[in-house]
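New notebook page. I want to get my bearings in this chain before anything else, so here is what I looked up.

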Amino acid sequence: MSFDLSSTYLNDDSAENGVWVEFFEGARLRIASSENPKYRAALAKQARANKIKLDGDPHPDTVRLTTQITCRAMADQILLDWEGIQVNGQEFPYSKQNALEALLKSPQLRDFVSDQAGSNTLFQGVTADEVGKPSTGSSAGLLTA
């Protein structure tokens, strides 16, 4: 018996353009893969611009800056859209600026997006034909491309 490695390959389209993932109470997020080259480039650009090293044992100020840098890159290239998100009972429409604000202020959202973006099984073999069809790829709930 042998293992077909191609079954683990990322679908480049879904990795860059995201898949819809159920969040909480009917809200949905469109999340791209953290393996997305655009995200990695945005993260590296932010790190260079802020002259920090993302390895090692950083100072607490560096930790805060690293969180800000990561959130900027995530807002730009990972958290691509949402539905059903509110702030203080009011509809909070998706925009990159609103995504950045939400990621900075909500560790729960930030951790969820990061976990989902790193779950490469979400981005394996998802094709345009599967848009809207349930997937078993997410423990968070219903997933569509």
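Before placing anything, I noted what counts as an element: helices are DSSP runs of H or I with at least four residues, strands are runs of E with at least two, and both are numbered from the N terminus. I also kept in mind that this is a predicted model.

Entry 1, the layout. I found 5 helices and 6 strands in the chain. Reading from the N terminus, I get the order α-β-β-α-α-β-β-β-α-α-β.

Entry 2, the front end. I looked for Phe3 and found it in the segment before helix 1 (12-17). Is Phe3 buried or exposed? Phe3 is exposed, because its relative accessible area is 60% and the cut-off for exposed is over 50%. Together with Leu5 and Tyr9, Phe3 makes a nonpolar surface patch of about 380 Å².

Entry 3, the whole surface. I get about 8800 Å² of accessible surface for the chain, with 50% of that belonging to carbon and sulfur atoms. Of the 145 residues, 35% count as buried.

Entry 4, the inside. The largest nonpolar core has 30 residues, and Leu79 and Trp82 are among those with the most contacts inside it. Elements giving two or more residues to this core include strand 1 (19-22), strand 2 (28-31) and helix 5 (107-118). Helix 3 gives the most, with 5 residues.

Entry 5, one residue up close. Which residues does Leu79 touch, leaving out those up to four places away in sequence? I listed several, including Leu29, Ile31, Met74, Leu103 and Val113.

Entry 6, reach along the chain. Taking contacts between residues at least 6 apart in sequence, I see that 60% join residues at least 24 apart.

Note on methods
Residues are numbered from 1 along each chain as its sequence is written. This is a predicted model: local features need pLDDT of at least 70, side-chain atom pairs count only at pLDDT 80 or more; totals for chains, interfaces and linings use all residues. Side-chain values use heavy atoms; hydrogens and water are left out. Patches are made of residues with over 30% relative accessible area and no salt bridge: like charges are joined within 9 Å, nonpolar side chains (Val, Leu, Ile, Met, Phe, Trp, Tyr) within 5 Å. Accessible areas come from the Shrake-Rupley method with a 1.4 Å probe; for residues, only the protein chains shown count as cover. A salt bridge is a side-chain nitrogen of Lys or Arg within 4 Å of a carboxyl oxygen of Asp or Glu. Buried means under 20% relative accessible area, exposed over 50%, partly exposed in between (1.4 Å probe, protein chains only). Contact means heavy atoms within 4.5 Å. A nonpolar core is a set of buried Ala, Val, Leu, Ile, Met, Phe, Trp, Tyr and Cys residues joined through side-chain atoms within 4.5 Å.
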